[in-house]
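Reader: I should like to learn how to read pockets and single residues in a model. May we work through a case together?

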Amino acid sequence: MAKYNPIESERKWQKKWEESGLYTCELNDESRPKFYNLVMFPYPSGDKLHIGHWYNFAPADSFGRYMRLKGYNVFEPMGFDAFGLPAENYAIKTGVHPSKSIKVNVETMVKQLKRIGTMYDWSKTVNTSSPEYYKWTQWVFLQLFKKGLAYQREASVNWDPVDQTVLANEQVLPDGTAERSGAVVEQKLLKQWFFKITAYAQRLLDGLESLDWPSKTKIMQQNWIGRSEGAHIVFQAEDVPDDEGEITVFTTRPDTLFGATYMVLAPEHPLVAKITSDKQRPAVEKYIKAVGTKSELQRTDLEKDKTGIFTGGYAINPVNGDKIPVWIADYVLMSYGTGAIMAVPGHDERDYEFARKYEIPIKQVVKGGDIAEGAFTAEGEAINSGFLDGLKTPEAKKAMIKWLEEENLGTGVVQYRLRDWLLSRQRYWGAPIPIVYDPSGNPHPVPDEHLPWLLPEDVEFKPTGTSPLGQSKELIERTEAIFGKGWKPEIDTMDTFVCSSFYYLRYLMAGSAEGEERFINLDREKKWMPVDMYIGGPEHACMHLIYARFINMALKDCGFAVHDEPFRRLVHQGLITKDGAKMSKSKGNVVSPDEFISEYGSDVFRMYLMFMGPFEDGGDWNDKGITGVARFVDRFYNLLCSESSVSDESLASRNVHATIKKVGEDIERLNFNTAISALMEFVNTGLKVGIADIDKEAVVKLIAPLAPHLAEEIWSVLGFEDSIFNSGWPTYDESLLVADTVRIVVQINGKVRGNVDVPVDADEQAVVSAALRVENVERFLEGAEIVKRIYVPGKLISFVVKPS
């Protein structure tokens, strides 16, 4: 029997799979139930596939292969999230156009992905930077624009005064300086495009209940959306006309209104200029300028010391007529809520710290705690609160809201922490926003017949202070040629999260003539959606995963989807570490998959990754550990490809059927590590008692999802011509799992001296008789007297002896 050569075998089977189109999914096949198996698509980096890619893609593929063997029509596509900053920064540095670098990177990555041995359907791939794809990114934008879910307003951006460009949050260092230039980043107001995701806040919350997602991810989304029930309360600024001086705040604790002793406005609030006194104006303007250098993340950092400045102005507390000072502070944002808060230092920790720092009065209006020591934030009984006194917090909230509404001074409301999705990017390498402006500056959608609205190529990549598309003569000339003299194009591009918010739908249309003309076939969407298994990192919990849910819901409302939710089940893969530490180039502990694949093959590498620990937990890489998996592959191959010789038919049969049960249950739960362990135990027992020829067919199928090339090779040796993945998952006989004999350990004076197989219903005397006939036991009992015996039914017989 020839020795198994993984390198030759893998090359051979990958070629056969591709030539036969084995993994091309027939989306219209009605003969089998569907299973949509998807991983989050990668950015096409110029580097080789790293171990993180492998750990995401290979086990997910193993699950897809298992579902195919279970009889499902498995759709497992792969594509590339190809727009974004890395390619643009590379262009700035080298002058190589992003389209060229991305093309090379995609071609390289496809070769690397094929080497894993995955069953991706490459006839239905997508690349978000191709005009064929971003035509539909623009089309999605236009559907939301028509429905009033895409709008434009001014918003704050990170501005680099040296490079004269807008920076993404990721390009701003924790100290507030630009990653590239080192300049102190400023905040600048620019007109931006938004998606009105806030209109879907409650629907996004409600939808989480039906999803088979990790509870931690659901909680993260719930917190990100941040539903709060409370009230809007209207304060009146002193010495400002009523129609100009209203200050509306939102609070979740309207019952504490009697305890409000000051107000805080966002530095950008339009009333700041009106209420600031002449005496305080220089200090206020200086503070506002300093705040202008901070990003929103810096301003809302809970760990930082709270700063603020008194405006010199006052507002009237509507419930008691008290005149309270109005401050401005950086931690209040105009983009969140109303841009103003009422401060109740007796019952809010942040307000308490601020009030103590600036010596502002503190009132207690809820019984409990000692406000001399700190804020009392729990619920309790209202005190010092007029008509609320004696009421518990829930009743006091209702009573205050009722009073506010009767006095026309406020109303009960539900508010969300979620903000609208700012999708404008002042970058080049992204999908152009399909909007043009008439000579009066009014926005108009680009008609469908002009999609894709092409990304121009006559653009310099050096930062100039405006969006790169603004430099394109071709874009300006194209706009005027189509729409008329004086018309101007939108020069921002879209956030790349827009591209990835619907790609799971475009896979269903990719590679077809119909897909060039239609965004989605509704019958196909109805059949294949939602995605049955979606695997990717937990870092996407509050961006991609919320954005994709929102876009899917919006598309349903526009008539282009049947389902509300895009992903039925979500799984986050764990992290692979090296010597207990996260891998990084700086630490010099990065594992190169190629090196090990060249030596052991991709099946061994795949299985070792899965063997290290539970898929959702990850594991710690050990260079020597992979050799154990390589030895297992050789032993498995030898056991199944050698001539059968069974020494114990009952035990051999039970070994097979118990393993079928165990491996199937483990893969179903994504417990690949214990499935592999069960196969290792099977080999250990199989090499002792043998395996019947009739059982080999079943056993090789068990390893097929985990080591597809190895399985195909053994399947071929066993005489099958078709692919093993066109067969089916084996079944087990429950009756054969029950042993008719049990192995009893025999001890003499506490040491194991043998074992004996007895019928499962054997009584103690029968076990003793059988044990005394064991040759090694007889030898140790010779010339000894049994003074005591201990019997543990089904497990152990122990003799205590002394010399006779």
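Reader: What volume does the second largest pocket have?

Author: This is a predicted model, in which local features need pLDDT of at least 70 and side-chain atom pairs count only at pLDDT 80 or more, while totals for chains, interfaces and linings use all residues. Residues are numbered from 1 along each chain as its sequence is written, and side-chain values use heavy atoms, with hydrogens and water left out. A pocket is an open set of points on a 1 Å grid over the protein atoms alone, where a 1.4 Å probe fits, with protein on both sides within 12 Å along at least five of seven lines; lining residues have an atom within 4 Å of a point. The second largest pocket has a volume (the space filled by probe spheres set on the points) of about 490 Å³. It is lined by 21 residues, and Leu 651, Arg 654, Asn 655, Thr 685 and Arg 743 are the closest to its centre.

Reader: Which helices and which strand each supply at least two residues of that lining?

Author: Helices are DSSP runs of H or I with at least four residues, and strands are runs of E with at least two, numbered from the N terminus. Here they are helix H22 (649-668), helix H23 (672-689) and strand S24 (741-748).

Reader: Is Thr 276 buried or exposed?

Author: Buried means under 20% relative accessible area, exposed over 50%, and partly exposed in between, with a 1.4 Å probe and protein chains only. Thr 276 is buried because its relative accessibility is 6%. The residue lies in the loop between helix H8 (272-275) and helix H9 (281-291).
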